[in-house]
There are 2 protein chains.
Amino acid sequence: MRISELSRATAVPVPTIKYYLREGLLHPGAATGANQAAYAQEHVHRLRLIRTLREVGGLAIADVRRVLDAVDDASLPLHRALGVAHHALAQPEPEAPDPDVEEARADVDAFLAGLGWEVSPEAPGRRVLADALVALRRLGGDWGAEVFAPYAESADAIASWEIRETPPGGATRAELVEWAVVGTVVFDTALRALRWLAQEHHSAIRSKRRRPRRRRP
Amino acid sequence: MRISELSRATAVPVPTIKYYLREGLLHPGAATGANQAAYAQEHVHRLRLIRTLREVGGLAIADVRRVLDAVDDASLPLHRALGVAHHALAQPEPEAPDPDVEEARADVDAFLAGLGWEVSPEAPGRRVLADALVALRRLGGDWGAEVFAPYAESADAIASWEIRETPPGGATRAELVEWAVVGTVVFDTALRALRWLAQEHHSAIRSKRRRPRRRRP
């Protein structure tokens with residue numbers, strides 16, 4: 001198909017497709033003339049993957065590239081693909097060391113060790129969690145990392161299920177890596193949305209329980 | 001304190017503070033001269049709140065303003081404050097209606113109805129979930145909204161606990177609204193980070209189990 005058809009099939013504007021081609025995120029099509037190329041189903045799929053990382057994951061172009069490099073790298077072990085996705089999703093580390101963050105980081109490390117979780121010291125989740133703890137502390141209250149305990153319990157339940165259920169049978173290695181990356185991005189968003197919805201639900205139940213009952217006249 | 005001291009206390013640069021003052025996010029200090037004002041502890045707190053919404057929540061300035069308006073609005077019912085936070089965190093709705101999204105939205109609505117959750121039709125989580133479902137479908141596979149069932153179970157457990165435990169006793173209304181907003185933002189991030197960490201942990205356990213055992217020579 002031509003670039004205009006690729007654009008229609010994916011709802012990605014032609015200038016955006018050209019930008020992804022220049023940036024090397026999208027592999028070039030087969031040349032069919034001086035200024036023409038033919039695109040195939042794999043390009044449709046790749047464009048959808050890029051849009052998912054951009055729109056659902058909110059990833060910057062540089063992070064999309066890092067994730068796509070992981071998908072393309074046939075030598076990367078599968079469990080490393082998860083780490084690449086986590087790194088891309090974590091905000092970049094601040095330049096100057098912050099003593100508050102370092103203290104929170106030590107608390108988070110002790111908390112995770114207490115849970116018995118086997119996690120590398122470089123796991124980006126550690127810093128994201130420390131940043132969250134610093135934010136809580138700066139807004140008031142002497143919070144310890146144990147404030148995260150109920151969340152850790154839910155996260156453990158869901159991750160245990162995810163790792164047991166993935167990979168689906170019969171998938172190729174490239175499909176598995178893509179699933180690890182897409183699953184991290186898409187289900188992060190889904191879990192967040194479901195937490196909001198469940199909050200609204202439980203808040204509605206609670207406010208009903210508190211409302212005094214009235215008899216109809 | 002002077003603006004330079006406010007900047008030191010919060011690690012927010014003076015030009016950024018002036019920008020927040022111009023935008024009305026930060027209330028003005030008490031005027032002490034033609035070009036001078038005195039800032040108090042409430043300004044320190046407000047700046048930290050803004051930075052949390054910006055850095056931990058990734059909120060745009062317009063969304064920060066919407067959330068702060070909710071914190072400042074003494075007439076807003078507490079359970080509405082949660083909705084304001086959810087709206088600010090959800091990506092803006094796309095302009096043109098997309099039939100794929102509308103179909104996914106109907107599936108998500110049926111799924112939530114099946115769970116028996118009491119959620120308003122305007123809850124932003126519905127659309128975020130529909131977008132996630134569309135992304136999964138476009139990348140291949142005939143996914144139904146039931147793919148979210150294990151996530152809904154975890155989300156239900158955590159939200160039930162959150163609504164039961166909040167509000168902490170003895171807090172003022174403004175503190176409660178702030179807690180609802182900050183809690184949504186900070187624990188979204190914490191839950192995401194904990195899911196990544198738990199994924200790494202369960203992935204490590206799994207890959208160990210699969211590795212063939214070797215005897216030491």
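Guide: One term before we start: contact means heavy atoms within 4.5 Å. Also, this is a predicted model.

Visitor: Fine. How many residues does the contact take from chain A and from chain B?

Guide: Chain A puts in 73 residues. Chain B puts in 73 residues too.

Visitor: And how much area do they bury between them?

Guide: About 7100 Å². Carbon and sulfur atoms account for 70% of that area.

Visitor: Which residues of chain A lose the most area to chain B?

Guide: A:Leu139, A:Tyr151 and A:Trp196. Together they make up 11% of what the chain A side buries.

Visitor: How are the two chains related? What turn lays chain A on chain B?

Guide: A turn of 180 degrees, with a shift of 0.0 Å along the axis. The RMSD is 0.0 Å. That relation is a two-fold axis.

Visitor: Which C-alpha of chain A is nearest the axis?

Guide: That of A:Ser154, at 2.7 Å from the axis. The same surface serves both copies, too. Of the contact residues of chain A, 100% recur in chain B.

Visitor: Let's talk charges. How many salt bridges are there between chain A and chain B?

Guide: Six. One salt bridge joins the side chains of A:Arg195 and B:Asp188, at 2.5 Å from N to O.

Visitor: And polar contacts between the chains, how many residue pairs?

Guide: The count is 26 residue pairs, with both residues at pLDDT 80 or more.

Visitor: Which elements give two or more residues to the side of chain A that touches chain B?

Guide: They are helices. In chain A the list runs H3 (41-56), H5 (78-89), H6 (99-115), H7 (124-138), H8 (149-165) and H9.

Visitor: Which one gives the most?

Guide: H9(A), with 26 residues.

Visitor: Pick me a residue from H9. What about A:His202, where does it lie and what is it in contact with?

Guide: A:His202 lies in helix H9 of chain A. Setting aside neighbours within four places in sequence, A:His202 is in contact with B:Asp156, B:Ala159, B:Ser160 and B:Ile163.

Visitor: Is A:His202 buried or exposed?

Guide: Buried. The cut-off for buried is under 20% relative accessible area. A:His202 is at 16%, so it counts as buried.

Visitor: Switching to the nonpolar side. How many residues are in the largest nonpolar core?

Guide: There are 136 residues in that core. Those with the most contacts inside the core are A:Leu53, A:Phe148 and A:Leu194, along with B:Leu53, B:Phe148 and B:Leu194.

Visitor: Which helix brings the largest share of this core?

Guide: Helix H9 (residues 173-210) of chain A, with 14 residues.

Visitor: Back to B:Phe148. What is it in contact with?

Guide: Leave out neighbours within four places in sequence. Then B:Phe148 is in contact with A:Phe187, A:Ala190 and A:Leu194. On its own chain, B:Phe148 is in contact with B:Phe111, B:Leu129, B:Ala132 and B:Leu133.

Visitor: More on charges. How many salt bridges does the structure hold over all chains?

Guide: It holds 26. One of them pairs A:Asp109 with A:Arg126, the closest N and O atoms being 2.8 Å apart. A:Asp109 is in helix H6 of chain A and A:Arg126 in helix H7 of chain A, so the pair ties together parts that are 17 residues apart in sequence.

Visitor: How does each of those two count, buried or exposed or partly exposed?

Guide: A:Asp109 is partly exposed, at 24% relative accessibility. A:Arg126 is buried, at 9%.

Visitor: What does B:Asp72 form a salt bridge with?

Guide: B:Arg46. The closest N and O atoms are 2.8 Å apart. This pair links distant parts of the chain. B:Asp72 is in helix H4 (residues 61-72) of chain B and B:Arg46 in helix H3 (residues 41-56) of chain B, 26 residues apart. B:Asp72 is partly exposed at 38% relative accessibility, while B:Arg46 is buried at 10%.

Visitor: And B:Asp131, which residue does it form a salt bridge with?

Guide: B:Arg127, with the closest N and O atoms 3.0 Å apart. They sit four residues apart in helix H7 (residues 124-138) of chain B, so about one helical turn separates them. B:Asp131 is partly exposed at 25%, and B:Arg127 is buried at 9%.

Visitor: Last one. Which residues do salt bridges with shared partners join into one network?

Guide: A:Glu162, A:Asp188, B:Arg192 and B:Arg195.

How values were computed:
Residues numbered from 1 in each chain as written. Chains lettered and ligands numbered in written order. Heavy atoms only, no water. Least-squares fit on C-alpha atoms with pLDDT ≥ 70 in both. Core = buried A, V, L, I, M, F, W, Y, C linked by side-chain atoms within 4.5 Å. Buried < 20%, exposed > 50% of the residue type's maximum accessible area, 1.4 Å probe, protein only. Buried area = accessible area lost by both parts, 1.4 Å probe. Salt bridge = Lys/Arg side-chain N within 4 Å of Asp/Glu carboxyl O. Polar contact = N/O pair within 3.5 Å; in protein donor to acceptor, adjacent residues only side chain to side chain.
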